[in-house]
Amino acid sequence: MDIQAIRNQTAGSEKLIHFNNAGAALMPVSVADAVRDYITAEEMQGGYETADHKRAELELFYQYGAQLLHCKSHNIAFTTNATDSYNRALSSVSFKTGDVVLVTGNDYPSNFIVLLSLKKRYGINIVRVANTHTGEIDLADLEEKIRTLQPRLLSVTHIPTSSGLVQPVEDIGRTVKKYDTLYLLDACQSLGQFDVDALSTGADFISGTFRKFLRGPRGAGILYVSDKALDAGFEPLYIDLRGAEWTEENTYIPRKDAKRFEDWETAYSLMMGSKEALKYLLAIGIDPIEARNTSLMAGLRKGLSAIDFIQLQDRGKKQSNILTFSCAKRSEQETKKYFAQNNVNIYTTPRSAAVIDFDEKKVPWVVRVSPHYYNTESEIEQFIRLVEKL
Ligand SMILES: Cc1ncc(COP(=O)(O)O)c(C=O)c1O
């Protein structure tokens with residue numbers, strides 16, 4: 001990997017240390033250009049006309065999305081964000097009172113909130129699968145709960161927003177495939193960090209977003225819909241004329257592919273930027289990205305673990321590009337200000353992002369540090385020195 005070339009293509013990287021890729025990464029210039037150029041074309045030629053001219057290029061979004069997830073183009077839908085993807089998938093499940101939804105203690109807060117909302121409205125039961133002592137989902141408990149409770153849906157977040165934990169999605173997939181439970185995987189933080197093979201996960205639906213480790217624009221998301229879910233006729237509750245054709249006064253026919261889950265009106269400029277981000281990532285290759293990230297993160301974890309007044313808070317046998325630590329010495333506001341004044345982008349995560357996890361860890365908030373492959377060893381070193389002086 002030619003880091004200097006990659007940094008030259010990352011305009012923001014020379015001006016600051018950006019360790020908030022779990023929030024939103026720095027886009028490559030080509031991605032930002034693709035969005036800008038598309039908007040200019042709309043400005044000069046008209047929105048509908050531009051979409052017509054650029055149809056073939058826009059279709060590449062689905063092709064690259066399929067390459068990312070090792071599936072077919074017809075399994076891919078474009079959405080506005082990961083939560084949107086998750087909710088569209090969820091809305092396709094016709095829940096009845098008493099239906100069980102299995103979750104993990106490390107699912108994304110919006111996923112918990114929407115399930116609690118469904119509980120309030122439809123009386124579903126949310127049941128949490130136990131964790132192992134290292135923090136991941138307990139596979140034996142998962143299988144036992146699937147067998148005995150026959151849940152309508154399993155929801156798992158691959159990498160939580162608030163810690164470096166990585167759930168063993170392929171092991172979960174092996175378990176889930178034995179049963180008839182629907183499975184919705186939130187891969188928002190893992191896409192762009194790890195190779196996510198849709199079929200190996202066993203998931204019926206996978207949600208993701210572009211602005212994080214995929215380095216795409218804000219306001220763009222991706223949804224994978226399995227062949228099984230498409231063939232079984234799952235369709236979003238608020239399906240529109242993109243997803244279906246109105247054929248008679250009382251009839252509509254859903255389309256066959258995952259575009260069934262899209263809206264007719266959409267931000268094509270962001271789809272173009274997302275297509276470009278996928279192209280960029282695929283050209284570098286996810287394996288080299290993962291290898292470089294593993295090495296950067298090992299240096300960061302080692303350096304920070306030697307500082308005695310902070311506590312690293314990440315659990316799990318395998319860890320990701322999210323590192324979190326607590327520090328009783330400074331308030332959340334002081335910490336944010338300190339890093340901002342030193343030209344370093346980090347994020348602080350409050351308890352409300354992960355109430356179950358943070359209460360177990362007994363921390364009110366953490367510093368979240370999330371480098372990506374375009375960051376350098378020297379930036380990691382500078383960051384460790386800054387934390388020493390916190
Ligand atoms: C694990 C996880 N899932 C889902 C989301 C939601 O993504 P979006 O804001 O694109 O809806 C996030 C955002 O931080 C996340 O970290």
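Visitor: Okay, I've got one definition down: two strands pair if DSSP finds at least two bridges between them. Which residue of β15 is the bridge partner of T324?

Guide: That's R368. Keep in mind that you're looking at a predicted model.

Visitor: Noted. How many bridges hold β12 and β15 together, and in which sense do they pair?

Guide: There are 3 bridges between them, and the pairing is antiparallel. On the β14 side, β15 has 4 bridges, again antiparallel. One of the matches there puts P350 with W365 of β15.

Visitor: What's the strand order in the sheet?

Guide: Reading across, you get β11-β12-β15-β14, 4 strands in an open sheet with antiparallel pairing.

Visitor: And which strands sit at the edges?

Guide: β11 (311–312) and β14 (347–350), since each of those pairs on one side only. β11 is joined to β12, residues 323–326, by 2 bridges. If you want a spot to click on, Q311 stands opposite S326 in β12.

Visitor: Back to β15 for a sec. How many of its residues are buried?

Guide: 5 of its 5, covering residues 365–369. W365, V367 and V369 point one way, while V366 and R368 point the other, and all are buried.

Visitor: Different topic: F261. Where does it lie?

Guide: You'll find F261 in the loop between β10 (251–254) and α11 (268–284).

Visitor: Is F261 buried or exposed?

Guide: Its relative accessible area is 0%, and anything under 20% counts as buried, so F261 is buried.

Visitor: What does F261 touch?

Guide: Leaving out residues up to four places away in sequence, its contacts include A77, R88, A89, S92, F205 and L223. V225, F234, E235 and P236 are among them too. As for S92, it is 169 residues from F261 in sequence, but the C-alpha atoms are 9.1 Å apart in space.

Visitor: Let's do helices. At what angle do α5 and α6 pack?

Guide: About 30 degrees, with the axes 10 Å apart. α5 is residues 82–91 and α6 is residues 109–122. Angles under 35 degrees count as roughly parallel, so that's what we call α5 and α6.

Visitor: Is the crossing left-handed or right-handed?

Guide: Right-handed, as α5 passes α6.

Visitor: Which residues make that contact?

Guide: From α5, T83, Y86, N87 and L90; from α6, S110, N111, V114, L115 and L118.

Visitor: How many of those are nonpolar, polar or charged?

Guide: The contact has 5 nonpolar residues, 4 polar ones and no charged ones.

Methods:
Residues are numbered from 1 along each chain as its sequence is written. This is a predicted model: local features need pLDDT of at least 70, side-chain atom pairs count only at pLDDT 80 or more; totals for chains, interfaces and linings use all residues. Side-chain values use heavy atoms; hydrogens and water are left out. Axes are lines fitted to C-alpha atoms, for helices over the stretch in contact, and angles run from 0 to 180 degrees between N-to-C directions. Angles under 35 degrees count as roughly parallel, over 145 as roughly antiparallel, 65 to 115 as roughly perpendicular and the rest as oblique. A crossing is left-handed if the near helix is turned anticlockwise from the far one by less than a right angle, and right-handed if clockwise. Contact means heavy atoms within 4.5 Å. Ala, Val, Leu, Ile, Met, Phe, Trp, Tyr, Cys and Pro count as nonpolar, Asp, Glu, Lys and Arg as charged, and the others, Gly among them, as polar. Buried means under 20% relative accessible area, exposed over 50%, partly exposed in between (1.4 Å probe, protein chains only).
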